[in-house]
Amino acid sequence: MTSLAPARRRTLSALLLGAAALLASCGGGDPIVPFEPVRVLAFGDENSVLTPEGRKYTVNTLIADDQGVKTLNCQNGGIWVQRLAADFGFVFPQCNPDNVANPPSRIYATAGAKVADLEAQIRQHLDTPDGFAQKDLVTLLVGQHDVLEQYALYDGNNAGLLLDRVYQAGLTLAAQVKRIADAGGKVLVSTVPDLAYSPFAVAENAAAGNNMPAALLAALTAKFNEGLRVGIAGESGAEVAIMLTNELIETMAKFPASYGMSNVIAAACDKTLAPTVDQCTTDTLVTGATANNHLWADDTHISAGAHLYLGSLAVTRARGNPF
């Protein structure tokens, strides 16, 4: 028995050396260099917007000074693009509390934007001297308003037409993704969050007396995202990454405790205190709500807590994708 041990060790050593040689020969031994962008450029709707004052379209954080005077803290409870940018060491000019000199990242997203509005956003950037470069990380999250627009046109008989329209909108978004990738940018594009789980859908179901409104919202969302995914199917992973926001929202809605949430069907913001979501703060919430324990800030916008997980998903996709 003991006389066999040295032979076995020699055999194992030979196998390990052979495996190491094989691994070293793969790809010519070139090291994998992690992608490190030089800036983040955000396009889309209000889910990616910071106002000039640093307000967000979710729950805004207030902090009190020594005298108890409360002011907006744009950094706390940051939206997903802030969290993505921060992971790479960037801030946006709209929220720069440490006064970083000439922050290069930019937000071109606008409140209420639909896919058709991306053309103007991208043109605004292309009108600058910079254009798109290989080290630009470009984010796209848009389509929610396309879905809501078509939902509002439902007459009981035209679902097929509405589904075709959102599918085409998804294809149009994919064309803009390709446009940016062809121009040199590295693109992180998000699917549309599923509004079938939103307080808006809950209210629509209650008014209808059935679950058909949520079912239609789910179908429209799925069809939009299908168009996006079909449209980018031919794009290289070296240029484009997709972020499945719809799946994240669905998972949080079904398993809220896993995300530290206690309410996934009601809005955290009190409409009597904050008529619009950009006015919502930690001082204008309904009883029992915090910035993080609700999934939704208002009827259709996710909470700061949801943005936290969306930002984490974005970081994972951006750092794990072979840009």
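Student: What covers the buried residues of helix 4?
Tutor: The cover there includes helix 5 (159-182), helix 6 (199-208) and helix 7 (212-231). Keep in mind that we are looking at a predicted model.

Student: And how many residues of helix 4 are buried?
Tutor: Helix 4 spans residues 144-152, and 7 of its 9 residues are buried, so "mostly covered" is a fair label under the cut-off of under 20% relative accessible area.

Student: Which ones are they?
Tutor: The buried set in helix 4 is Gln144, His145, Asp146, Val147, Leu148, Gln150 and Tyr151.

Student: Let's stay with helix 5 for a moment. Where does Leu171 sit?
Tutor: Leu171 is part of helix 5.

Student: Why is Leu171 called partly exposed?
Tutor: Because its relative accessible area is 26%, and partly exposed covers the range between under 20% for buried and over 50% for exposed.

Student: Which residues does Leu171 touch, leaving out those up to four places away in sequence?
Tutor: Leu171 touches Gly227, Leu228, Val230 and Gly231. Take Leu228 as one of these: 57 residues separate Leu171 and Leu228 in sequence, yet their C-alpha atoms are 5.1 Å apart in space.

Student: Okay, new topic: the sheet. What is the strand order?
Tutor: The order is 4-1-5-6-7, with 5 strands making an open sheet and the pairing parallel. Strand 4 (106-107) and strand 7 (240-243) are the edge strands, each pairing on one side only.

Student: What holds strands together in a sheet, generally speaking?
Tutor: Backbone hydrogen bonds do the pairing, in either a parallel or an antiparallel arrangement.

Student: Then how many bridges join strand 1 to strand 5 here?
Tutor: There are 6 bridges between strand 1 (residues 39-44) and strand 5, and the two run parallel. One pair to look up is Val40, whose bridge partner in strand 5 is Leu137.

Student: What about strand 5 with strand 6?
Tutor: Those two are parallel as well, paired over 4 bridges. In that part of the sheet, Leu140 stands opposite Val189 in strand 6.

Student: And strand 6 with strand 7?
Tutor: Strand 6 (residues 186-190) and strand 7 are joined in parallel by 4 bridges. Look for Leu188, which stands opposite Ala241 in strand 7.

Student: Is strand 5 buried or exposed?
Tutor: Strand 5 is mostly covered, with 6 of its 6 residues buried. Asp136, Val138 and Leu140 point one way from the strand, while Leu137, Thr139 and Leu141 point the other way, and all are buried.

Student: Which strands does helix 9 lie across?
Tutor: Helix 9 (residues 304-320) lies across strand 5 (136-141), strand 6 and strand 7. Relative to strand 7, helix 9 runs at about 150°.

Student: Zooming out, how many helices and strands does the chain have?
Tutor: The chain has 9 helices and 9 strands, and its C-alpha trace spans about 80 × 60 × 55 Å along the principal axes.

Student: How much of the chain is buried?
Tutor: Buried residues are 47% of the 323 in the chain. The chain exposes about 15200 Å², with carbon and sulfur atoms supplying 57% of that area.

Student: What share of the contacts links residues 24 or more positions apart?
Tutor: Such pairs make up 73% of the contacts with a separation of 6 or more.

Student: Last one, on charges: how many positive and negative ones are there?
Tutor: The chain carries 22 positive and 31 negative charges, and the mean positions of the two sets are 11 Å apart.

Definitions and conventions. Residues numbered from 1 in each chain as written. Predicted model: local features only at pLDDT ≥ 70, side-chain atom pairs only at ≥ 80, totals over all residues. Heavy atoms only, no water. Pairing = 2+ DSSP bridges. Contact = heavy atoms within 4.5 Å. Axes fitted to C-alpha atoms, helices over the stretch in contact; angles between N-to-C directions. Buried < 20%, exposed > 50% of the residue type's maximum accessible area, 1.4 Å probe, protein only. Areas by Shrake-Rupley, 256 points an atom, 1.4 Å probe, with all protein chains shown as cover. Lys, Arg positive; Asp, Glu negative; His and termini not counted. Charge placed at Lys NZ, Arg CZ, Asp CG, Glu CD.
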